[in-house]
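Work through the exercises below with the sequence and the 3D structure in view. Try each task before reading its solution.

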Amino acid sequence: MERGGDRASVVDAERVEGLRRQLRLDPEHVRRLRNAVMKSFVPDDVALASFPAPERIALHPLSLHHRLDSEVDGATKLLFRTQAGLLTESVVLRIATGRSTLCVSSQVGCAAACSFCATGKMGLARNLSAAEILDQVSTAGQILATEQRRLRNVVFMGMGEPFHNEEALWPALTALVDPAWFQLSPHKIMVSTVGVIEGMLRFGERFPQMGLALSLHSARQEVRERLIPLAKKYPLSALRRAIVELNRMQDRPVMLEYLMLEGLTDAEDDLAALVEWTERLEVHINLIPYNPIEGAPGLTGTPLVACTAFAARLKATGRTATVRRSLGGDIEAACGQLVRRENLALVRARP
């Protein structure tokens, strides 16, 4: 349900058009409102000032519950509250070059239950709607606009498995690149998945210019199953065939996210397996330093110097590889840390 009761959500095209017809408004009023909210990211009162019936429009299906700013690296964690009281999170990343990226959530919690991820420890509370996904973008855009920054990149790497919520994912992605809506470049959008093959292929067909990131984390089946339960349903052999198909569909490499875990994914046999698995694939391997979480005491991150050496050995084989610099560690905004005890209490209290 949209905040504001029966008001029309600004991202609900059908309801806004119905309101426009009912009030006999010039279509220009709707265009200006959308531009203000989705392109200029002006404050709410400014966006609504020129709309003839501001009391009939709802701008935010989520409420901004809390904001945490890193004192180390320019990351900001935004905690949003749904109508039911659950919290979901987004992270704004400000790169030193001036580039700004927003990491959005597609669900409250996650059903994938990956062993290294704090979000997976709480399970799935519910899917987010397309409006709730887009509201994260609008709010982050407003924050960045006050800093004379522009939101350039949106990555679906927050809470949730995006391809477990395709009903909301597709319209959200469409709105992000629609010239009449957010008008972001499709090359600046990336969706991350633990390997839901059917969704990956549908995504590649629908949005060939957007980026896809696969949480691979190991090219050894037994290790990957230990880290990602869904690996049993989507084995490495099937994932490789899917990437071959995606390489035919898309005009950019698939990003492989590879978690560096000491004694588990960083040994010589892990490197050999990864090199073999990526042979003749168009991929970019992104090595991710591990962020420790409660509930996973058996996992230890590979030291940064070893991560760098691992990347160098990959490059020596002709692979494209980088080591990700995680931001927001001091505010628990880095990858795998998006979870709130408040959500756990609410979910467990349900009958």
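**Exercise 1: one residue in a strand**

A58 lies in strand β2 (residues 57-58); strands are DSSP runs of E with at least two residues, and helices are runs of H or I with at least four, numbered from the N terminus. This is a predicted model, in which local features need pLDDT of at least 70, side-chain atom pairs count only at pLDDT 80 or more, and totals for chains, interfaces and linings use all residues. Residues are numbered from 1 along each chain as its sequence is written, and side-chain values use heavy atoms, with hydrogens and water left out.

Task: decide whether A58 is buried or exposed.

Solution. Step 1: buried means under 20% relative accessible area, exposed over 50%, and partly exposed in between (1.4 Å probe, protein chains only). Step 2: A58 has 1% relative accessibility, so A58 is buried.

**Exercise 2: a residue in a loop**

Task: find where K188 is placed and classify its accessibility.

Solution. Step 1: K188 sits in the loop between α6 (166-177) and β10 (189-193). Step 2: its relative accessibility is 38%, so K188 counts as partly exposed.

**Exercise 3: the whole chain**

Task: state how many helices and strands the chain has, and why it counts as compact.

Solution. Step 1: there are 12 helices and 14 strands. Step 2: the radius of gyration, taken over C-alpha atoms, is compared with the globule rule, 2.2 Å times the number of residues to the power 0.38. Step 3: the chain has 21 Å, close to the 20 Å that the rule gives for 351 residues, so it is as compact as a globular protein of that length. Step 4: of the 351 residues, 56% are buried.
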